[in-house]
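Hi there,

Here is the structure I promised to pass on to you. Have a look at it first, and my notes follow just below.

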Amino acid sequence: MAADGAGAAAPIVGTTPDQIAEARDRRRHLLLLAPPAILLVFIFVYPVLGLLGQSVYKDGITLRFYQRLFAEPVYLDVLWLTFRTAATVTLLCLVLGYPLAYVLVGLPARLQRLLLIVVVLPFFVSLIVRTYAWMVLLGRLGLVNELLRKLSLIAEPLPLLYSTTGALIGMTYALLPFMVLTAFSVMKGIDGGLVRAAHSLGAGRWQAFRKIFLPLSMPGIAGGMILVFIMSLGFFITPRLMGGPSDLMIAMLIEHEVELTLNWPFASALAAVLLLVTLVGFFAYSRLVRLERMFEGTR
Amino acid sequence: MIGSEGQRTGLGTLALYGVAGLVLLLLIAPIVIVAIVSFSSAESLTFPPPGFSLRWYERFLALPGWRRALWVSVQVATITMVLATLLGLLASLALVRGRFRGKGIVYAFVLSPMIVPTIITAVALYFFFVRVVGTGSILAMAIGHTVLALPIVVMVIASTLQGFDSRLEMAAFSLGAGRLTTFRRITVPIIAPAVLSAGLFAFLTSFDELLIPLFLAGVEAETLSVRIWNSLLLEVDPMIAAVSTLFVVVTMLVLGISALLRRAGP
């Protein structure tokens, strides 16, 4: 590290042929990095910074757009609903996703790979298409209501679509793969020998799970929950299409302020709050689940 | 691996497998059902369909607005694929091979568009592009999608470069090949499958994405996803089942081809 640091300081380049070659190599790689970096700086960083700047600057520096957000009950309701929806979706994903990941990790490799495709496939299908699929299933005359009616469980169709229930179902479906894959990746690294050792020492299946496997899989649970939670916070497509008229989440409010009321600074302030929460959450996630391990490159 | 061999299958285990099976079914069923419904001969979305026909596909292809949207989507996705693959390849080479300080930070920077909620990126780009070119530009949408696809391309290519034995290049050097020849004869053939499959994922990312075009499309350059969105805001149109199936087919093609490429690769 120290030697590397000395080489990076430009003035002393040229003392040995090795250092010259190293400096040339470094320059070449930085040159390769330039075009993608330029794209990101101009088409991503600059616009996002512009958006953040717009949230605190209107005829001089001001915090009034943030004050408005945290002072008016309407907007506090939106924040609360966003938080509540994200928390509910997170719990639903945990309850449904953890058992699936647990079963998957214990399966023989071939079957495991096949079933993982089933988990991953929806993940790669366009979100709007997946949302549409659930709109078809949950409508008044949709498959779910028809099924319940034929089983005489209900007399009138349930308001599954265009309701909070609809938004929750759609979002849980969309985010479930993230939970399953995160939990699975952590479970896969758990040494099965530990669980077997617990069994051989007389622990029952449940006890071995609770005392050994569950604690070891905690980073997967926590990581998956954080990931699902922060992604839920910024959800737009699914709650907008499947939710009821009162299910207004922060991303929908942002779109509304941009497109309809044209209050861009306020929309920017909303976006800034969402961004801050997301970044904090993602930082926590990256502490728990070593993201870099998946595409190791920082040596 | 988890359960011990001697354990008898209890009620708990059965319940566990039951829940897992049900969740798997829930994951795949909606997509399968929409695909089946898209071939329905009925006027409405009943399942199971009373009969089969291609009427919804015919309707889709007969409507000029939808055909145009498909064409816009293909153009945006193709430009995205080219740009993101080129730029992502450069970034991957620099990040995996280069030795410079702050590499971890640069890595995080390149992956950051994946972390920032898309609604924020979309709104920020809207504010930006409206001032520069206005809405309705296919190139603007493609550039926006390139930003979103770049992290995916870098992840796919970098992971292959990581496993690449750089001694092969050393050998070529020591046998007298120049830098360019080595890259062309050794590096390119080895990483080509990963680059191709990264390109396909970039195409898919763009083809599927709604939010950037939702803000940038204007009225004149609607993509397919924007058109679906506008239609779904009004009603649950049975024809969308056919369009959805088209999306699913594109996804399966991309996943299938890249799986084949991975098998053909190192």
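**What I found**

Of the 299 residues in chain A, 41% are buried. Please keep in mind that this is a predicted model.

Let me stay with chain A for a moment. Its secondary structure consists of 15 helices and zero strands. The radius of gyration of chain A is 25 Å, whereas a compact globule of 299 residues would come out near 19 Å. Along the principal axes, the C-alpha atoms of chain A fill a box of roughly 85 × 70 × 30 Å. As for contacts within chain A, 73% of those with a separation of 6 or more join residues that are 24 or more positions apart.

Now to how the two chains meet. In the contact between them, 78 residues of chain B touch 70 residues of chain A. On the chain B side, the elements that each give two or more residues are α1 (11-37), α3 (64-97), α4 (103-115), α5, α6 (138-162), α8 (179-208), α10 (224-234) and α11 (239-264). Which of these gives the largest share? That is α1(B), with 14 residues. Sorted by class, the side of chain B that touches chain A holds 58 nonpolar, 15 polar and five charged residues.

One helix pair across the chains may be a good place to start in your viewer. Helix α2 of chain A (residues 17-56) and helix α5 of chain B (residues 118-132) have axes that come within 8 Å and cross at roughly 90°. The crossing angle lies in the range of 65 to 115 degrees, so α2(A) is roughly perpendicular to α5(B). From α2(A), the residues involved are A:F44, A:P47, A:V48, A:G50 and A:L51, and they meet B:I120, B:T121, B:V123, B:A124, B:L125, B:F127 and B:F128 of α5(B). By class, the residues of this contact between α2(A) and α5(B) are 10 nonpolar, two polar and no charged.

Finally, a word on confidence. For the complex, the predictor gives an ipTM of 0.90 and a pTM of 0.89. Chain B has an average pLDDT of 90, and 96% of its residues score at least 70. Residues 1-7 of chain B are a stretch to watch, with pLDDT under 50 throughout. The model does show 12 contacts beyond four places in sequence for residues 1-7 of chain B. Where pLDDT is low, the predicted coordinates should not be read in detail.

Happy to talk any of this through once you have had a look.

Best wishes

Key: Residues are numbered from 1 along each chain as its sequence is written. Chains are lettered from A and ligands numbered from 1 in the order in which they are written. This is a predicted model: local features need pLDDT of at least 70, side-chain atom pairs count only at pLDDT 80 or more; totals for chains, interfaces and linings use all residues. pLDDT is the predictor's confidence in each residue, from 0 to 100. Two residues are in contact if their C-beta atoms, placed from the backbone, lie within 7 Å. Axes are lines fitted to C-alpha atoms, for helices over the stretch in contact, and angles run from 0 to 180 degrees between N-to-C directions. Helices (H or I, at least four residues) and strands (E, at least two) are DSSP runs, numbered from the N terminus. Angles under 35 degrees count as roughly parallel, over 145 as roughly antiparallel, 65 to 115 as roughly perpendicular and the rest as oblique. Ala, Val, Leu, Ile, Met, Phe, Trp, Tyr, Cys and Pro count as nonpolar, Asp, Glu, Lys and Arg as charged, and the others, Gly among them, as polar. The radius of gyration is taken over C-alpha atoms; the globule rule is 2.2 Å times the number of residues to the power 0.38. A residue is buried if 20 or more other C-beta atoms lie within 10 Å of its own, exposed if 12 or fewer, and partly exposed in between; C-beta atoms are placed from the backbone.
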